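Open the model in your viewer and keep the selection tool at hand. The tour moves from stop to stop.

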Amino acid sequence: MNDSTFEKLSSRDIPSLNVTFEEYRHPRTGARHLHLASEDTNNAFMVAFLTVPQDSTGVAHILEHTALCGSRHYPVRDPFFMMTRRSLSTFMNAFTSSDWTAYPFASQNEKDFDNLLQVYLDAAFFPNLHELDFAQEGHRVEFAEADNADSELVFKGVVYNEMKGAMSSAVSRLWQLLQENLFPTNTYHYNSGGEPEQIPDLTYEDLLAFHRRHYHPSNAIFLTYGNLPASWHQERFEKRALKEFDRLDIDLRVPAERRYTAPVAVESAYPLEGEDDTRDRTHIVMGWLLDRTTDLKATLEAHLLSGVLLDNSASPLRQALETTDLGAAPSELCGFSDSTMEGAFMCGLEGSNPESADAVEELILGVLEKVAAEGVEQDMVESVLHQLELSQREISGGRFPYGLRLMINALGAAIHGGDAAAVLDLDWALATLREDIKDTDFIPGLTRRLLLDNPHRVRVVMAPDTELARHQQAREKARLAVMKEALDEPARQAVIARAGALEARQMTEDDPSMLPKVGLEDVAPDLVVAEGSEARVGDLTATWFGQGTNGLVYTHVVVELPELSKAQEDLLPVFCDCVTEVGAGNQDYLETQRRQAAVTGGVNAGFSMRGAVDDVSRTRGFYTLSSKALVRNTAPMVEMLQKVYERPRFDELARLRELVSQLRLQREMGITDHGHALAMAAAAAGLSPSATMAHRWNGLEGIRTLKRLDTALREPDGIKDLSEQLEGIRDTLLKGPRRLLVVAEDGVRDEVLETVSGVWRGPMESGTFSPLVPPRPAGVVKEGWAVNTQVNFCARAYPTVAVDHADAAALMVLGRFLTNGFLHRAIREQGGAYGSGGSYDSDAGAFRFFSYRDPRVEGTLADFERSVDWLLSARHEPRQVEEAILGVIGAVDRPESPAGEAVKAFYGELHGRDAGQRRRLRSRLLEVNLEDLQRVGETWLRPEAAHTAVVSDRATLERVAPQLGLNIQAL
């Protein structure tokens with residue numbers, strides 16, 4: 001064997017995942033290759049490096065961005081985003097974790113996969129790392145008026161603004177605070193993404209040094225998945241990268257953390273803007289450092305204990321946290337995390353107060369002492385093992401392909417020297433656990449060893465501070481003022497010159513022919529759509545899909561939404577969130593939760609409303625109850641679904657009060673992560689009935705309704721009124737036309753349908769039915785929504801057409817065309833936002849612009865309009881249209897999981913998007929030309945038709961509202 005040939009170290013069939021695990025090592029460099037051989041044509045690749053930053057400047061994160069800004073063989077300024085336009089990929093991204101950086105992609109097209117592999121290998125091992133790209137992606141200072149040295153200095157940078165947005169989230173700050181204190185001495189002590197106040201400390205030389213130390217084949221793991229053989233990949237790894245390297249002695253590792261000998265208590269604050277009342281806004285969380293996550297037995301034991309304590313509302317610790325008056329809801333961080341080399345268990349409360357810290361700690365320790373002394377019911381432990389088995393078997397897909405999920409699951413063990421194959425092949429480990437739990441002292445023993453007798457414990461109290469954001473802004477201004485004062489005239493001119501050089505670089509038109517591509521000739525000839533068949537199940541019609549579900553059965557109860565009162569319409573999201581969390585039939589909510597965990601993978605409730613394919617003003621809405629289970633549990637799963645549909649209990653008033661408080665906190669905490677989607681929903685709310693309801697149900701208006709409801713429940717009859725309203729919704733839904741969706745493997749069709757038929761004995765449908773008809777929107781939206789954030793989210797929406805209209809395909813392509821050609825450069829590269837784009841929403845009949853984690857407002861809104869001017873007046877090349885079409889087709893053709901394909905086909909048909917309609921639209925997409933794009937842009941994206949929404953802090957909104965004509969809304 002020569003030193004350029006990969007040496008095979010092991011091979012292992014994993015039947016439960018339908019893969020064969022193969023491990024290889026490259027003798028000359030020491031690079032490792034883990035290959036998951038499968039029949040799946042959605043091939044996936046990832047190269048990962050152990051990255052161990054020793055500060056919070058974000059060096060690993062900024063390097064991840066900068067490495068994708070041009071490389072030796074592809075010296076264009078932005079090959080990553082250019083390849084998103086020249087590819088049919090099903091996934092492209094890059095990740096910075098706490099201790100690794102990875103570059104993954106997936107594609108169903110072999111030519112496309114090979115193209116992406118060339119670009120990714122070159123970026124990882126031979127990046128240019130241009131200093132101006134570091135300034136663009138990481139951080140820089142410029143004058144507020146770029147060519148005016150008398151104006152103020154400001155910080156700019158994509159990662160800088162990304163992390164300002166990320167750290168606006170209280171939960172993100174809480175997580176970082178816990179990590180910082182659970183790990184006082186190793187790399188996890190630091191924020192690998194970067195703390196906004198420390199990012200400007202990173203130098204360009206630091207970035208280069210970090211790359212030299214970490215991005216080498218001797219520190220690399222290649223991971224691949226799919227039907228392309230390992231040798232196919234290895235030939236390309238060698239030819240395109242490894243042949244130029246020799247082994248490097250790299251002493252990179254994450255040392256075990258020094259253990260505390262006594263618990264630690266920490267107090268901190270997070271910024272709360274726009275509100276004076278800080279009561280019931282404190283987070284109190286406890287964390288324990290556990291064993292190495294490379295020890296599979298220890299990791300599974302920690303997952304088991306975490307599940308027993310916290311899996312559902314009947315679990316002892318979650319029950320205590322949900323029912324206590326010390327806080328509003330269990331912390332979002334509750335559970336076991338294996339994302340670090342040593343795992344951590346966390347639990348606590350949000351919506352509490354600083355003076356309750358001791359009582360919260362006593363509550364948690366009291367529950368643990370009780371579990372250690374008395375144990376738990378055996379069926380609760382069995383249920384957690386059942387959930388682990390379900391998660392092991394389920395095949396995922398969609399936006400994050402199944403192969404990449406498996407690769408991420410294996411990466412932690414692989415990068416820290418563990419057994420990656422064992423992490424994936426859990427059947428033997430689960431069998432061992434099943435024997436272990438027969439000992440009634442097993443769970444009490446784990447509770448004592450991992451938690452009660454473990455002194456490496458941290459208690460974090462993070463309280464709101466209404467002045468903190470102002471102080472942070474003042475510190476930033478003062479820092480910039482000191483920097484400006486230290487600049488002599490040549491230094492000031494250097495700042496201006498660098499800003500000019502960066503702008504010139506950003507405006508450079510790169511030669512795209514340097515990059516490989518696929519073309520429209522490489523697009524698959526047809527769209528694959530799952531096909532179902534009709535069957536009778538008792539008194540109901542069922543649609544059956546035979547799909548490769550790996551031993552699981554998926555069942556949905558689908559009810560057309562009936563006419564509801566205005567109050568009931570507003571409460572429909574609350575109904576769906578509560579109906580699976582309350583009791584059902586003769587069982588209270590604790591018994592119901594235990595039963596769900598024992599026989600299903602959970603019961604979920606939701607609803608959908610979409611405009612008709614030919615008229616967005618005509619809508620249909622559906623209420624859905626869904627569940628999944630192992631085939632052997634089909635009967636109890638269907639029994640559970642029927643009981644939750646027909647007899648949910650809304651008479652447990654204390655439970656309803658707990659649930660509403662939890663829901664309010666969850667929605668509020670998620671605003672900064674989903675600010676762009678919320679802004680688009682608000683902007684589009686005036687354009688169609690389904691868009692109006694989306695804003696009322698899932699948007700900022702829905703969050704405001706939920707907050708008002710939470711406040712109203714404090715009134716004497718508030719909770720009783722809610723109970724009656726929810727009972728009214730339940731009774732009304734029983735009148736709606738209903739049907740079933742059943743998805744499983746063809747080999748069990750008769751068995752499953754016979755089981756479902758034997759169980760389902762529902763009441764006959766009512767003879768009269770009036771569907772829910774949402775109100776027609778009125779008025780142009782110009783709103784600014786004041787929230788707790790350090791960055792902005794801007795959106796504009798324009799009324800357009802329904803999806804069957806001749807212009808719909810061109811509008812879909814136009815979103816990609818404007819994003820690729822104008823918005824990315826203007827709003828991300830030059831404006832500093834983390835993200836931006838344009839898209840056509842067929843449900844709302846709207847075209848929407850957005851920005852994400854954006855330092856600007858007025859400039860971004862102007863750039864939305866300028867993009868249309870660019871469309872109509874600039875010179876464009878045919879390849880730009882082809883690239884936009886490829887991007888849309890890639891999204892249309894992206895495979896879901898086997899079950900997901902069936903669900904997509906079923907609900908599409910319910911809403912008029914059947915296979916024929918979807919294929920016709922796809923054909924139209926492939927025929928779009930530049931004249932079409934300019935015509936629909938000029939026709940539909942007129943400035944006077946624009947609806948605008950901005951999500952920001954109140955001070956920013958008060959500054960921009962007069963100029964933009966915004967009506968400021970408070971949550």
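Which residue in E27 is the bridge partner of Ala 795? Select Ala 795 and look across to E27: the partner is Ala 949. The model is a predicted one.

**Stop 1: strand E24 and its neighbours**

Select residues 793-799, which make up strand E24. Six of its seven residues are buried, so the strand is mostly covered. Now add residues 947-952, strand E27. E24 and E27 run antiparallel and pair over five bridges. Then add residues 846-852, strand E26. E26 also pairs with E24 in the antiparallel sense, again through five bridges. To find one contact there, pick Pro 799; its bridge partner in E26 is Ala 846.

**Stop 2: a loop just past E26**

Select Arg 853, in the loop between E26 and helix H29 (858-873). Arg 853 forms a salt bridge with Asp 673, and the closest N and O atoms are 3.3 Å apart. Asp 673 sits in the loop between H22 and helix H23 (675-684), so the pair ties together parts that are 180 residues apart in sequence. How exposed are the two ends? Arg 853 has 7% relative accessibility, so it counts as buried. Asp 673, at 33%, counts as partly exposed.

Next, select Arg 318, Glu 322, Glu 581, Arg 655 and Glu 658 together. Salt bridges that share partners join Arg 318, Glu 322, Glu 581, Arg 655 and Glu 658 into one network. The structure holds 71 salt bridges.

**Stop 3: a salt bridge between distant parts**

Select Glu 883 and Arg 86. Their closest N and O atoms are 3.2 Å apart, and the two form a salt bridge. This pair links distant parts of the chain, 797 residues apart. Glu 883 belongs to helix H30, while Arg 86 lies in the loop between helix H2 (79-84) and strand E5 (91-92). Is Glu 883 buried or exposed? Glu 883 is buried, because its relative accessible area is 7%, under the 20% cut-off. Arg 86 is at 4%, so it counts as buried as well.

**Stop 4: the second largest pocket**

Stay with H30 and show the pocket surface. The second largest pocket holds about 810 Å³ of space. Its lining has 42 residues; Asp 40, Thr 41, Asn 42, Gln 108 and Pro 895 lie nearest the centre. Select those five to centre the view. Then colour the elements that give two or more residues to this lining: helix H13 (402-415), helix H30 (878-893), helix H31 (898-910) and helix H32 (915-926). Which element gives the largest share? H30 does, with four residues. By class, the pocket lining has 17 nonpolar, 14 polar and 11 charged residues.

**Stop 5: the second largest cavity**

Switch to enclosed space. The structure has eight cavities of 30 Å³ or more. The second largest cavity holds about 120 Å³. It is lined by 13 residues, with Pro 573, Val 574, Arg 667, Gly 702 and Leu 706 nearest its centre. Helices H19 (566-579), H22 (653-669), H24 (689-698) and H25 (700-712) each give two or more residues to the lining. H19 gives the most, five residues. The lining divides into seven nonpolar, two polar and four charged residues.

Stay on H19 and select Asp 570 and Lys 566. They form a salt bridge, with the closest N and O atoms 2.6 Å apart. Both lie in H19, four residues apart, about one turn of the helix. An α-helix has 3.6 residues a turn, so residues three or four places apart point the same way. Asp 570 is at 18% relative accessibility, so it counts as buried. Lys 566, at 52%, counts as exposed.

**Stop 6: two helices with buried residues**

Select residues 59-67, helix H1. How many of its nine residues are buried? Nine are, so the helix is mostly covered. Val 59, His 61 and Glu 64 are among them.

Finish at residues 378-393, helix H12. At 1.5 Å a residue, its 16 residues should span 22 Å; the end C-alpha atoms are 23 Å apart, which agrees. Its buried residues include Met 380, Val 384, His 386 and Gln 392.

How values were computed: Residues are numbered from 1 along each chain as its sequence is written. This is a predicted model: local features need pLDDT of at least 70, side-chain atom pairs count only at pLDDT 80 or more; totals for chains, interfaces and linings use all residues. Side-chain values use heavy atoms; hydrogens and water are left out. The expected span of a helix is 1.5 Å times one less than its number of residues. Buried means under 20% relative accessible area, exposed over 50%, partly exposed in between (1.4 Å probe, protein chains only). On a 1 Å grid over the protein atoms alone, a cavity is a set of points where a 1.4 Å probe fits but cannot get out, and a pocket is an open set with protein on both sides within 12 Å along at least five of seven lines; lining residues have an atom within 4 Å of a point. Grid points are joined across faces, edges and corners, and a volume is the space filled by probe spheres set on the points. Ala, Val, Leu, Ile, Met, Phe, Trp, Tyr, Cys and Pro count as nonpolar, Asp, Glu, Lys and Arg as charged, and the others, Gly among them, as polar. Two strands pair if DSSP finds at least two bridges between them. A salt bridge is a side-chain nitrogen of Lys or Arg within 4 Å of a carboxyl oxygen of Asp or Glu.
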